[in-house]
Amino acid sequence: MQLDSINVVERAHYLTLWSRFGPYDRARLDTLVYRRRVLFEYWAHAACLVPTSAMPWWRRAMLDYRVRHTGWSDWLRSNTRTLRQVREAIAENGPMANADFEGRRPRGAAGWWNWKPVQHALHYLWMSGALTIHSRRHFHKRFDLLERALPEAVAVAPVSAEEFRRWHLERTLHALGAATVGDIAGYMTFPRFGPQGRRPALAAMRASGEISEVTVEGGSIPWLVLTRDVPALTRAAGRPAASAGTTLLSPFDSLLWYRERIARLFGFDYRIQVYTPSAKRLHGYYTLPILHDGHLIGRVDAKTLRAAGRLDIVSVHFEPWFAAGRPAPIAGGVVERDAALAGLADALRSLATFVGARDVTLQQATPNRLRAPLQRALASGETLLGE
């Protein structure tokens with residue numbers, strides 16, 4: 001579950017859970033992560049929350065990071081003293097944030113590789129398993145010794161490199177259901193596994209029968225599945241719809257990690273445009289894809305105006321096929337417009353409740369003729385929002 005600092009609607013990891021379960025108490029998730037330690041922060045696709053029960057596998061990634069990531073070599077040779085001092089300070093003082101250390105960024109420097117030395121040291125010590133993220137204050141990381149924050153997890157021996165590769169493939173395929181080799185590489189992108197990548201482990205798991213090849217209708221390349229998942233996938237294929245209901249997805253949702261897969265499965269071209277100049281953005285700053293009954297039918301550019309207690313829907317862009325009443329481009333079937341708009345309105349009201357907004361305002365919709373029916377659907381539930 002990916003973490004991200006952008007808070008224009010809500011933090012990414014909070015949104016990801018809301019997408020699946022609706023409004024909930026964020027403090028309960030924070031307790032699971034930073035007090036009960038059921039999850040911990042590490043790099044999987046990007047910075048993510050991962051299960052502490054998987055520590056033996058992630059410990060292998062941490063240990064390998066010390067020798068595999070040669071991009072650190074020059075910096076490590078020049079900053080051995082800084083690494084030692086940072087670790088010793090945390091060992092002596094307990095959890096510390098970057099701001100607790102002295103030091104300044106070099107004059108005129110910009111970008112990640114111009115961080116001040118302490119910031120480099122904290123990142124390297126975290127990635128290599130000497131430190132972990134103990135907690136956050138205003139989303140700023142506070143680091144502690146890994147063995148002090150997670151003593152029981154660290155006491156378990158790390159798996160071998162081969163076991164880690166096989167586990168990495170198994171977790172990825174189980175999450176994706178069916179996937180191409182490219183899909184597998186685009187899901188959990190860390191670690192990169194060197195020149196041979198996942199190929200030896202993939203070949204071994206296919207030879208053992210743990211992974212099977214399946215044919216996907218209309219596909220010209222092999223798709224892979226975990227053999228043990230075939231019965232569940234067969235049952236899923238017999239359902240009338242892939243899923244039921246409507247929700248909005250965080251831009252950093254794992255469903256969206258590999259854009260080519262999303263285009264192939266849904267006919268949906270999605271790009272995060274928070275770093276794109278405003279004049280060049282196609283759909284807005286922080287756009288949330290709309291998932292309705294197994295189809296991605298559009299995207300919402302939203303903003304939480306916390307002082308005003310309002311969820312501002314800057315724009316809604318519906319996919320052309322949906323707006324025109326045509327069949328979905330990949331799965332086929334016409335999506336019933338009024339039901340989809342009602343579902344979207346419900347999802348927006350649920351999101352408003354989750355972010356603490358009393359009102360939802362809709363500015364624009366594309367095409368414009370769908371703005372009025374969406375506004376009516378929103379208005380029909382306004383009394384529920386205020387209760």
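This passage walks through the nonpolar cores, a strand trio, the salt bridges and some unusual backbone spots of a predicted model.

The inside of the fold is a good place to start. The largest nonpolar core takes in 56 residues, and the members that touch the most others are Phe-40, Tyr-42, Trp-58, Val-86, Ile-90, Phe-101 and Leu-122. Helix α6 (residues 117-127) is the top contributor here, giving seven residues to this core. Trp-58, one of those well-connected members, has quite a list of neighbours even with residues up to four places away in sequence left out: Phe-40, Tyr-42, Trp-43, Ala-44, Val-50, Phe-164, Trp-167, Met-188 and Phe-190. Two of these contacts, Phe-40 and Tyr-42, also appear among the core members with the most partners. Another core, of 50 residues, lies apart from the largest one, and Tyr-14, Leu-29, Leu-49 and Leu-351 are among its members.

Next come the strands around β11. Strand β11 (residues 310-318) has seven of its nine residues buried, so the rest of the structure largely encloses it. It pairs with strand β10 (residues 295-305) in the antiparallel sense, over eight bridges, and with strand β12 (residues 359-366) in the parallel sense, over seven bridges. On the β10 side, Val-300 has Val-316 of β11 as its bridge partner; on the β12 side, Ile-313 stands opposite Leu-362. In a regular strand, side chains alternate between the two faces of the sheet. The link between β10 and β11 is a hairpin with four residues between the strands, and Gly-309 in that turn has a positive phi of about 65 degrees.

As for charged pairs, the whole structure holds 19 salt bridges. One of them stays within a single helix: the side chains of Asp-64 and Arg-60 meet at 3.2 Å, N to O. Both residues belong to helix α3 (residues 55-68) and sit four residues apart, about one turn of the helix. Neither side of this pair is out in the open, as Asp-64 and Arg-60 are both buried.

The salt bridge between Arg-87 and Glu-147, with closest N and O atoms 3.1 Å apart, reaches much further along the chain. Here Arg-87 comes from helix α5 (residues 80-93) and Glu-147 from helix α7 (residues 146-149), so the pair links distant parts of the chain, 60 residues apart. Arg-87 counts as partly exposed because its relative accessibility is 31%, and Glu-147 is likewise partly exposed, with a relative accessible area of 37%.

Another long-range pair is Glu-170 with Arg-228, whose closest N and O atoms are 2.0 Å apart in the model. Glu-170 lies in helix α9 (residues 161-176), while Arg-228 is in the loop between β7 (223-226) and α12 (230-237), so the salt bridge ties together parts that are 58 residues apart in sequence. Glu-170 has a relative accessibility of 15%, so it counts as buried, the cut-off being under 20%. The pair isn't on its own, either: Glu-170, Arg-171, Arg-228 and Asp-229 are linked in a network of salt bridges.

Finally, a few backbone spots deserve a look. A cis peptide bond runs from Phe-190 to Pro-191, with omega near -10 degrees; Pro-191 is found in the loop between α10 (181-187) and α11 (199-208). Phe-190 turns up again as one of the contacts of Trp-58. Thr-366 and Pro-367 are also joined by a cis peptide bond, with omega about 0 degrees, and Pro-367 lies in the loop between β12 and α16 (371-379).

Positive phi values crop up outside glycine as well. Arg-37 has a phi near 60 degrees and belongs to the loop between α2 (26-34) and β1 (39-43). With a relative accessibility of 14%, Arg-37 counts as buried. Asp-293, not a glycine either, has a positive phi of about 50 degrees. Its place is the loop between β9 (287-292) and β10, the strand that goes on to pair with β11. At 30% relative accessibility, Asp-293 is partly exposed.

Definitions and conventions
Residues are numbered from 1 along each chain as its sequence is written. This is a predicted model: local features need pLDDT of at least 70, side-chain atom pairs count only at pLDDT 80 or more; totals for chains, interfaces and linings use all residues. Side-chain values use heavy atoms; hydrogens and water are left out. A salt bridge is a side-chain nitrogen of Lys or Arg within 4 Å of a carboxyl oxygen of Asp or Glu. Helices (H or I, at least four residues) and strands (E, at least two) are DSSP runs, numbered from the N terminus. Buried means under 20% relative accessible area, exposed over 50%, partly exposed in between (1.4 Å probe, protein chains only). Two strands pair if DSSP finds at least two bridges between them. A nonpolar core is a set of buried Ala, Val, Leu, Ile, Met, Phe, Trp, Tyr and Cys residues joined through side-chain atoms within 4.5 Å. Contact means heavy atoms within 4.5 Å.
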